[in-house]
Amino acid sequence: MQLRKLTLIAIGALLSALSVPAASAQSANPVVARNVVLVHGAWADGSSWSEVTARLQAAGLNVIAVQNPLTSLCDSLAATRRALAMLDGPTVLVGHSWAGTVVSEVGLDAKVTALVYVAARAPDTGEDFIALSGQFPTMPVRAGVVERDGFTTLTEDAFTKYFANGVAHDKAEVLYAEQQPTAASLFNGRTAGAAWHIKPSWYAVSKLDQTISPDLERFLATRMQATTVELDAGHLSLVSHPREITSIILAAAGRSE
């Protein structure tokens, strides 16, 4: 049964890759962007982008790190669109983890010239992502999810060991204290569009991820025909490997370091 399931996944990846419009192929010369919008995922806040933000600003880019409400997909889409509306000109849209869902839909905006996914979800239009992810291994962080009054958080043990694996322990403890409660219903949301079909996309796979299966990340990157970089990092590569994540974003922005 497991072999059959993996075979179906492989076939699905191949068919999806073949069906992606030619417009999604990566451009040899990406549009030079002046702005970057960064969107954090579940159990985090905008501060998780702080080191990446500083590097992008030093490279001369205008940056907004969205304070993603994590109350519903609709609310997260609205917050990201408000940030995008504040900027003029070509913009790279970046999502970490669950925020890949947001990036996939908001990325349809004409202002967005490229998408970057950092260990992120990348659903297709209307896709049941829970069903898709169920075809891949359940990761250890799942056991540390605690729900109360309709919102979820991670236990300290799960956060520091699995969500922030690869991050210095003292830094992981700070991030744990700053984690933002996430609506339990958030993960059921389905997008009304998938911009990666028509926008150049980059994907940073976290090879040591204990939150999202690295194999799922590779499947998503292959399906969208993304320019893909694999990092020896856990789920929070934006914290543990800010230089590498910055380099990927700069490439998507048509800039060099």
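Axes here are lines fitted to C-alpha atoms, for helices over the stretch in contact, and angles run from 0 to 180 degrees between N-to-C directions. Keep that in mind for the helix pairs below.

What you're looking at is a predicted model. Mean pLDDT for the protein chain comes out at 91, with 89% of its residues at 70 or more. The stretch to treat differently is residues 1-25, where pLDDT stays under 50. For that stretch the model has 22 contacts beyond four places in sequence.

Let's start with helix α2 (residues 50-58) and helix α10 (residues 242-252), whose axes lie 9 Å apart and make an angle of about 50°. An angle counts as roughly parallel under 35 degrees and as roughly perpendicular from 65 to 115, and α2 and α10 are therefore oblique to each other. The crossing of α2 past α10 is right-handed. On the α2 side, the contact is made by E51, V52, R55 and L56; α10 brings P242, R243, I245, T246, I249 and L250. Sorted by class, that contact of α2 with α10 holds 6 nonpolar, 1 polar and 3 charged residues.

Now for the strands. Six of them make an open sheet, and if you walk across it you meet β2-β1-β3-β4-β8-β9, paired in parallel. At the edges sit β2 (62-66) and β9 (227-231), each pairing on one side only. Ignoring direction, neighbouring strands of this sheet are turned by 15° against each other on average. Within the sheet, strand β1 (residues 35-39) pairs with strand β3 (residues 91-96) in the parallel sense, over 5 bridges. To find one of these pairings, look for V39, whose bridge partner in β3 is G95. Helix α8 (residues 214-223) packs on this sheet, where it touches β8 (201-206) and β9. The direction of α8 makes about 165° with that of β8.

Next up is another helix pair, helix α3 (residues 73-85) and helix α4 (residues 99-106). Their axes come within 10 Å and cross at roughly 60°, and α3 and α4 are therefore oblique to each other. Here α3 passes α4 in a right-handed crossing. From α3, the residues L73, S76, L77, T80, R81 and L84 meet T101, V102, E105 and V106 of α4. The class split for this contact of α3 with α4 is 5 nonpolar, 3 polar and 2 charged.

There is a second sheet to find, built from 3 strands. It's open, has the order β5-β6-β7, and its pairing is antiparallel. β5 (145-148) and β7 (182-183) are the edge strands with a single partner strand each, so one side of each has no neighbour in the sheet. β5 and strand β6 (residues 151-154) run antiparallel and are joined by 4 bridges. For a specific pairing, R148 has F151 in β6 as its bridge partner.

Last comes the pair of helix α6 (residues 156-163) and helix α7 (residues 169-178). They pack at about 130°, and their axes are 10 Å apart. Only angles over 145 count as roughly antiparallel, and α6 and α7 are therefore oblique to each other. Once again you'll find a right-handed crossing, with α6 passing α7. E156, F159 and T160 of α6 meet H169, A172, E173, L175 and Y176 of α7. By class, this contact of α6 with α7 has 4 nonpolar, 2 polar and 2 charged residues.

Notes:
Residues are numbered from 1 along each chain as its sequence is written. This is a predicted model: local features need pLDDT of at least 70, side-chain atom pairs count only at pLDDT 80 or more; totals for chains, interfaces and linings use all residues. Side-chain values use heavy atoms; hydrogens and water are left out. Helices (H or I, at least four residues) and strands (E, at least two) are DSSP runs, numbered from the N terminus. A crossing is left-handed if the near helix is turned anticlockwise from the far one by less than a right angle, and right-handed if clockwise. Contact means heavy atoms within 4.5 Å. Ala, Val, Leu, Ile, Met, Phe, Trp, Tyr, Cys and Pro count as nonpolar, Asp, Glu, Lys and Arg as charged, and the others, Gly among them, as polar. pLDDT is the predictor's confidence in each residue, from 0 to 100. Two strands pair if DSSP finds at least two bridges between them.
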